[in-house]
Amino acid sequence: MDEVLTAALRDAVFDRLDYLDRLAGESDQHSKAALADTEIVRLTYAFRALLTEHSTDERGRCKQCSGWLRLRRHPCSVWNIAHRHLLTAS
């Protein structure tokens, strides 16, 4: 049952992102401005929450990616992706 719920969650999130991509690409300027007013705040809130979950512990490791057997140094892949998409030109 967990696999079904996981698939439903994944599909719902990707469907929402696809919907936002379509609106951003196909809407008129007024609609894009309205979209920016509502969705940018939601997306930045979500991104901050995700990055907070992946902050460092007292040993400098990612709290979320590390475990008893997995010791992942910071920055983890979540932070690397955030940096690449928010701060670099790629």
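**Exercise 1. Place Glu39 in its surroundings.**

Setting aside neighbours within four places in sequence, Glu39 is in contact with Arg16 and Leu20. The model is predicted. Find the element that holds Glu39, and decide whether Glu39 is buried or exposed.

*Solution.*
- Step 1. Glu39 lies in helix α2.
- Step 2. The relative accessibility of Glu39 is 10%. Buried means under 20%, so Glu39 counts as buried.
- Step 3. Glu39 has company: the buried residues of α2 are Leu35, Glu39 and Leu51.
- Step 4. The cover over the buried residues of α2 includes α1 (2-26) and α3 (77-87).

**Exercise 2. Describe Leu35.**

State which helix holds Leu35, and list what Leu35 is in contact with beyond four places in sequence.

*Solution.*
- Step 1. Leu35 belongs to helix α2.
- Step 2. Its relative accessibility is 16%, so Leu35 counts as buried.
- Step 3. Neighbours within four places are left aside. Leu35 is then in contact with Leu20, Leu23, Ala24 and Ile40.
- Step 4. Now take a distant pair. Leu35 and Gly67 are 32 residues apart in sequence, and their C-alpha atoms are 39 Å apart in space.

**Exercise 3. Check the geometry of α2.**

Compare the end-to-end distance of helix α2 with the span expected at 1.5 Å a residue. Then locate the kink and examine the start of the helix.

*Solution.*
- Step 1. Helix α2 has 25 residues, 29-53.
- Step 2. At 1.5 Å a residue, α2 should span 36 Å. The expected span uses one less than the number of residues.
- Step 3. The end C-alpha atoms of α2 are 35 Å apart, so the two values agree.
- Step 4. A kink of about 35° is centred on Ala36 in α2.
- Step 5. At the start of α2, Asp28 offers a side-chain oxygen. That oxygen of Asp28 comes within 3.3 Å of the backbone nitrogen of His30.

**Exercise 4. Test the cysteines for disulfides.**

Using the sulfur distances, explain why Cys62 and Cys65 are not bonded, and why Cys76 and Cys62 are not bonded.

*Solution.*
- Step 1. A disulfide is a covalent bond between the sulfur atoms of two cysteines. The cut-off is 2.5 Å between sulfurs.
- Step 2. For Cys62, the closest cysteine sulfur is in Cys65, at 3.7 Å, which is too far for a bond.
- Step 3. For Cys76, the closest cysteine sulfur is in Cys62, also at 3.7 Å and too far for a bond.
- Step 4. The count for the structure is zero disulfides.
- Step 5. Check burial too. Cys62 is buried at 0% relative accessibility, and Cys76 is buried at 5%.

**Exercise 5. Assemble the largest nonpolar core.**

Name the six residues of the largest nonpolar core. Then follow the contacts of Cys62, Val78 and His54.

*Solution.*
- Step 1. The core consists of Leu51, Cys62, Cys65, Cys76, Val78 and Ala82.
- Step 2. Residues up to four places away are not counted. Cys62 then touches His54, Ser55, Arg72, Arg73, His74 and Cys76.
- Step 3. Val78 is found in helix α3. Its relative accessible area is 17%, so Val78 is buried.
- Step 4. With neighbours within four places left aside, Val78 is in contact with Leu50, Leu51 and His54.
- Step 5. Val78 and Cys62 are 16 residues apart in sequence and 9.6 Å apart from C-alpha to C-alpha.
- Step 6. His54 sits in the loop between α2 and α3. At 9% relative accessibility, His54 counts as buried.
- Step 7. Beyond four places in sequence, His54 touches Cys62, Gln64, Cys65, His74, Cys76, Val78 and Trp79.

Key: Residues are numbered from 1 along each chain as its sequence is written. This is a predicted model: local features need pLDDT of at least 70, side-chain atom pairs count only at pLDDT 80 or more; totals for chains, interfaces and linings use all residues. Side-chain values use heavy atoms; hydrogens and water are left out. Helices (H or I, at least four residues) and strands (E, at least two) are DSSP runs, numbered from the N terminus. The bend at a residue is the angle between axes fitted to the seven residues ending there and the seven starting there. Buried means under 20% relative accessible area, exposed over 50%, partly exposed in between (1.4 Å probe, protein chains only). Contact means heavy atoms within 4.5 Å. A polar contact is a pair of N or O atoms within 3.5 Å; within protein, one must be able to donate a hydrogen and the other to accept it, and residues adjacent in sequence count only if both atoms are side-chain atoms. A nonpolar core is a set of buried Ala, Val, Leu, Ile, Met, Phe, Trp, Tyr and Cys residues joined through side-chain atoms within 4.5 Å.
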